[in-house]
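Thanks for coming. I'll go through a few local features of one model and keep to what the coordinates give.

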Amino acid sequence: VYTVGPEYAHAEARKSPVVDGVVMRNTDGKEVRYPVLLTPAEKQMAREVCIAFRQSVCGFDLLRSEGSSYVCDVNGWSFVKNSYKLLIFLLQFLPFCHGRSTNLSKSNEGLTRQGSGVIGTFGQSEELRCVIAVVRHGDRTPKQKVKLKVTEEKLLNLMLKYNGGKPKAETKLKTAVQLQDLLDATRTLIPRTRPGESDSDAEDLEHADKLRQVKAVLEEGGHFSGIYRKVQLKPLKWDKVTKSDGDGEEERPVEALMILKYGGVLTHAGRQQAEELGRYFRNNMYPGEGTGLLRLHSTYRHDLKIYSSDEGRVQMSAAAFAKGLLDLEGQLTPILVSLVSKDSSMLDGLDTASSEMEEAKAQLNEIITAGTKLVHDYVSSELPWMIDGVGLPPQANESLPELIKLAKKVTEQVRLLAKDEEENPTEPSDYDVVPPYDQAKALGKSNIDVGRIAAGLPCGSEGFLLMYARWRKLEKELYNERRDRFDITQIPDVYDSCKYDLLHNSHLNLKGLDELFKVAQLLADGVIPNEYGINPQQKLKIGSKIARRLLGKILIDLRNTREEAMSVAELKKSQDQVSVSLCSPRKEDRCSQPKLFIKSDELRRPNTGENKDDDEDKETKYRLDPKYANVMTPERHVRTRLYFTSESHIHSLMNVLRYCNLDESLQGEESLVCQSALERLCKTKELDYMSYIVLRLFENTEVSLEDPKRFRIELTFSRGADLSPLEKNDKEAESLLREHTLPIMGPERLQEVTSCLTLETMEKMIRPFAMPAEDFPPASIPAGFSGYFSKSAAVLERLVKLWPFNKNSKPTT
């Protein structure tokens, strides 16, 4: 920032090298910078720096961090090079200091402006104003869970150690220290020799096997990260025991349930998919001007925010996507720290619709296992998407025995491989040395494991023991032989494991895996969509509960974009009507003092109070100054909001979009999704990894501000990597299969080409299912990635209090 007296400040910004370690420079070796607009708070800071240092021409550095700005360096006398804007003002201002004036006409040479060149559906000139995308994470390892009841004293003591000594409180172990304590205890509890195979020892044998599995999971990778491994200890039984001091009795747990959750880690294929999708968005979702999005972003005409759920695979997908979108370099960790914010309340969890989903699963279980016939409310074959249980295969119950038979066949083969591994452990080598800890590598491999594959080992960090535990658990939980009962909720997990092993472990040549995949896919294609509702009304109810907060945030994004665009349009209109000359200031203007009375403590305070909308104060802060920016379309400004989440939120959002017109308050309205798209969605069985839903908001600048058609919405979706790993007829897919990945399907329209979905209609159709703006909590600094960098804001907050002008002193007048 460069001040010219306390009344004027010129600001330029550059890309922070913390993102990828790269400093952008021009052909002269100077950093590439662009003029930007200062916020009122930053203008007040510039005024106070100028007054405090008693220097009219003064340069200082501002650091913008998480919604606040901080003065981090005052350089004193400093002058920005090659700035036509600052040169004009200096020539006007400096003579005033000596009682003289000058007449300088403003030149526009070299500052070419033109229209956007973006042609809308109806051949009208349109500007893209907002891109909102809800994206599922990339390819991951199968999610796993181990449950066992423990009575061992060491494990019970560990539970009491980390729950504050409360005998009836559960404990969650996530940190490296906690998991190391658990690993140390588990190692001492595993028997050195296996118990006999007699029936009386069956329970002990199973318990010992589960402890071995816990140990193998905790030892995986050579380091801990609670982001993808966590343990819960829940007390089940208690006894009265004498207190240690002998004074009375106290309750003490004697049995607890241990639940270890692991897996679900983003694979090297998932990272590749996310990065590739980011590149696709960069090249196809934004208007072209040279390098398109990169030009918009580097010139402060692109307002980008990326949100992620709390899951590690989702965070890393978001970071990899950002790397491709912005053409960044380097590791994912600094990208994750700098650009991705966590919002678990908006993008995580199914608690809000748990009872409805349990009801749907119970109905689904009855339909599949008992062969119950569905009673359809809509019998018309012209509307297949309105039929109850759409997608369920006929005679699904007849496929279940075949599924069990094939699952047992695959499990037995993996058991033999695990047995060989246990009997013939590999000798440690120099390659087994644990490298320095890296968060990104801990959350998912960055490259394919060529060495492990060549050695005949499973891809990734999963050994045969864990691979066998995965299949053994699926086999046991899919079918209870003693009760002769099937659990259809395990079908998606069987399908998940089949697809993972076909894609990543095809070199193990497991016989029957491809047949198992086909049967599991047939059943999963019916089970997965119907878990979110058997009939359209149930799908709408469950979807609106799961995605309620996300829908509310999307409406806020669209509303803020519209208000900002209208404000800019009104300002431009008034500027066209009234010409203000900077060269002939009136006498009273020259003599008057600046009317800037804002308390500095109020300006620097983080956004924690009044505003109910999550981003309203922060979203429009940092923008290119259109008057002097040497770009072709300085008025173009695009807001991008990216929401990375899991399968549940993708299904829920899609169900609301296509069935919203079934709500009582919207009777008679047409669906937001056209009939041809409804037919395609009905045939789309899976919203696979990296599936996404995109809303693009366009502004038609040729119609009046009051016309509802000024703002229109374009809806598209992609099925993601929805291609079978058995596909042999697709050359691109066959090539990618060698890299253990699958291509991402391109976007498909949810509207007719000639249709015009106005923003007004979109709001009316979505509002009944969205969280109202007033129910959102007060705006606050988004939760960043946990780690060292998360402390920077607090450190800066403490440092800023040391400044002498950070007091409630009013500027002199």
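Let me start with one residue pair: Cys130 has Leu697, in strand 17, as its bridge partner. Keep in mind throughout that this is a predicted model.

That pair belongs to a longer pairing. Strand 7, residues 126-136, and strand 17 run antiparallel and are joined by nine bridges. Strand 17 also pairs with strand 18, residues 711-718, again in the antiparallel sense, over eight bridges. There, Phe698 stands opposite Arg712 of strand 18.

How many of the nine residues of strand 17 are buried? Nine of the nine, taking strand 17 as residues 692-700, so this strand is largely enclosed by the rest of the structure. The cut-off behind that word is under 20% relative accessible area. Tyr692, Val694, Arg696, Phe698 and Asn700 point one way, while Ile693, Leu695, Leu697 and Glu699 point the other way, and all of them are buried.

Next, an open sheet. Four strands make it up, in the order 8-11-10-9, with antiparallel pairing. Strand 8, 143-150, and strand 9, 171-173, are at the edges with a single partner strand each, so each has one side without a neighbour in the sheet. On average, neighbouring strands here are turned by 25 degrees against each other, direction ignored.

Within that sheet, strand 10, residues 230-242, is joined to strand 11, residues 249-263, by twelve bridges, and the two run antiparallel. As an example, Val231 stands opposite Leu260 in strand 11. Helix 3, residues 153-162, lies across strands 8, 9, 10 and 11, and runs at about 90 degrees to strand 11.

Now a helix pair. Helix 11, residues 354-370, packs against helix 18, residues 536-546, at an angle of about 145 degrees, and their axes are 10 Å apart. Their crossing is left-handed. Helix 11 contributes Glu356, Met357, Glu359, Ala360 and Gln363 to the contact, and helix 18 contributes Gln538, Lys541, Ile542, Lys545 and Ile546.

Last item: a charged residue. Asp525 sits in helix 17, residues 513-530. Which side chain of opposite charge is nearest to Asp525, and how far away? Lys685, at 6.6 Å; Asp525 is buried yet has no salt bridge. The cut-off for a salt bridge is 4 Å, from a side-chain nitrogen of Lys or Arg to a carboxyl oxygen of Asp or Glu. Asp525 is nevertheless in contact with Lys685, and with Gly391, once neighbours within four places in sequence are left aside.

That's what I have; questions are welcome.

Note on methods
Residues numbered from 1 in each chain as written. Predicted model: local features only at pLDDT ≥ 70, side-chain atom pairs only at ≥ 80, totals over all residues. Heavy atoms only, no water. Buried < 20%, exposed > 50% of the residue type's maximum accessible area, 1.4 Å probe, protein only. Lys, Arg positive; Asp, Glu negative; His and termini not counted. Contact = heavy atoms within 4.5 Å. Pairing = 2+ DSSP bridges. Axes fitted to C-alpha atoms, helices over the stretch in contact; angles between N-to-C directions. Left-handed = near helix turned anticlockwise from the far one by under 90°.
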